[in-house]
Number of protein chains: 2
Amino acid sequence: MFSKATEYGIKAMMYIAVKTRNGERVGVKEIAKNIDAPVHFTAKILQELCRKNLLHSAKGPNGGFYLDSADLKTPLGKIVKTLDGDRFYNTCVLGLKACSHKNPCPVHHEFKVIKEKIIDMLEKNTIGSFNTELINKNFFLKMK
Amino acid sequence: MFSKATEYGIKAMMYIAVKTRNGERVGVKEIAKNIDAPVHFTAKILQELCRKNLLHSAKGPNGGFYLDSADLKTPLGKIVKTLDGDRFYNTCVLGLKACSHKNPCPVHHEFKVIKEKIIDMLEKNTIGSFNTELINKNFFLKMK
DNA sequence: AAAATAAAGGATAAAATTGTCCTTTATTTA
DNA sequence: TAAATAAAGGACAATTTTATCCTTTATTTT
């Protein structure tokens with residue numbers, strides 16, 4: 001459904017959210033380890049998220065990645081859009097370039113409803129909204 | 001959402017369904033042209049669908065691909081499973097190998113509902129069920 | 001100022017997906 | 001039986017995605 005980059009990006013953001021909720025910072029190695037993702041690939045993704053301002057970072061000793069209170073309100077969908085572009089939002093399930101309400105592919109109408117639900121979910125849930133459950137270990141970002 | 005192979009596979013099956021509803025056969029070149037897909041790639045996909053018995057073919061002059069009445073009842077989901085494997089059906093949105101009801105990733109519960117709707121749609125709609133609309137040109141498999 | 005730390009950035013590699021080409025096999029028609 | 005037709009199948013190429021490595025830059029601590 002989403003690319004690996006987006007999967008890692010969402011998990012990383014969730015992990016950072018929990019770990020830096022009181023001004024701390026956290027490094028890539030720890031993040032990657034805890035979301036079960038390759039370190040360097042994760043680094044590149046976080047870099048991208050920083051450039052796009054969904055995430056912040058500080059260099060040097062005691063540096064690392066962190067989320068400010070605005071960042072915590074980032075809906076999942078924004079991460080998806082940032083890392084996967086609009087391919088999820090604006091492309092036809094059957095890949096038709098010009099598929100639309102007036103010019104529908106055979107599954108257009110059926111999928112419209114579903115897509116709206118997914119988008120709704122992606123916009124409603126923010127990175128910060130999973131913190132409590134993650135802290136209580138009701139939710140997991142990594143499983144062995 | 002689905003691979004190109006699956007997109008082409010579904011479109012090809014729909015096209016064949018319409019074109020061979022009275023015992024005719026249709027060749028790859030015509031199919032590929034009408035679903036706007038690369039010819040050889042389409043050929044490979046159709047070969048695969050034949051091997052898995054979702055589709056039938058005949059060699060030689062007047063040969064080509066066709067669907068028998070059983071084939072017409074193939075739900076879209078079966079094509080997805082055949083070409084994309086279970087990656088859509090049995091994998092976690094965040095890529096967690098062991099994600100489950102008891103061990104949920106942060107978006108597991110939210111996505112469960114949505115996934116069920118998608119699967120429902122994929123199982124309910126069959127290849128043959130789009131014929132009338134395609135014939136009436138209310139639905140399109142190709143758009144310039 | 002020097003050393004250490006950690007992200008930024010660029011180059012490269014590996015793997016997977018998508019796409020092309022060519023030969024073989026089966027079938028039909030003349 | 002020969003020629004023509006069309007799928008089957010395998011080899012190969014291009015592209016995209018995923019992953020690794022190394023150097024540079026910024027910051028902190030000593």
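This text walks through a predicted model of two protein chains and two DNA strands.

Start with the symmetry. A turn of 180 degrees, with a shift of 0.0 Å along the axis, lays chain A on chain B with an RMSD of 0.1 Å. That is the relation of a two-fold axis. Within chain A, Met1(A) has the C-alpha nearest the axis, 2.4 Å from it. Both copies use the same surface: 100% of the contact residues of chain A recur in chain B.

Now turn to DNA strand D. Around strand D there are 24 residues. Those that come nearest are Lys4(A), Pro38(A), His40(A), Gly60(A) and Gly27(B). Several elements each supply at least two residues of this surface. Chain A brings helix H1 (4–19) and helix H3 (39–51). Chain B brings helix H3 (39–51) and strand E2 (64–66). The largest share, 4 residues, comes from H3(B). By class, the surface near strand D has 9 nonpolar, 10 polar and 5 charged residues.

DNA strand C comes next. Around strand C there are 24 residues, and Gly27(A), Lys4(B), Pro38(B), His40(B) and Gly60(B) come nearest. Here H3 and strand E2 (64–66) of chain A each supply at least two residues, as do helix H1 (4–19) and H3 of chain B. H3(A) gives the largest share of the surface near strand C, with 4 residues. That surface divides into 9 nonpolar, 10 polar and 5 charged residues.

Notes:
Residues are numbered from 1 along each chain as its sequence is written. Chains are lettered from A and ligands numbered from 1 in the order in which they are written. This is a predicted model: local features need pLDDT of at least 70, side-chain atom pairs count only at pLDDT 80 or more; totals for chains, interfaces and linings use all residues. A residue is near a molecule or strand if its C-beta atom, placed from the backbone, lies within 6 Å of it. Ala, Val, Leu, Ile, Met, Phe, Trp, Tyr, Cys and Pro count as nonpolar, Asp, Glu, Lys and Arg as charged, and the others, Gly among them, as polar. Copies are superposed by least squares on the C-alpha atoms of residues with pLDDT of at least 70 in both. Two residues are in contact if their C-beta atoms, placed from the backbone, lie within 7 Å.
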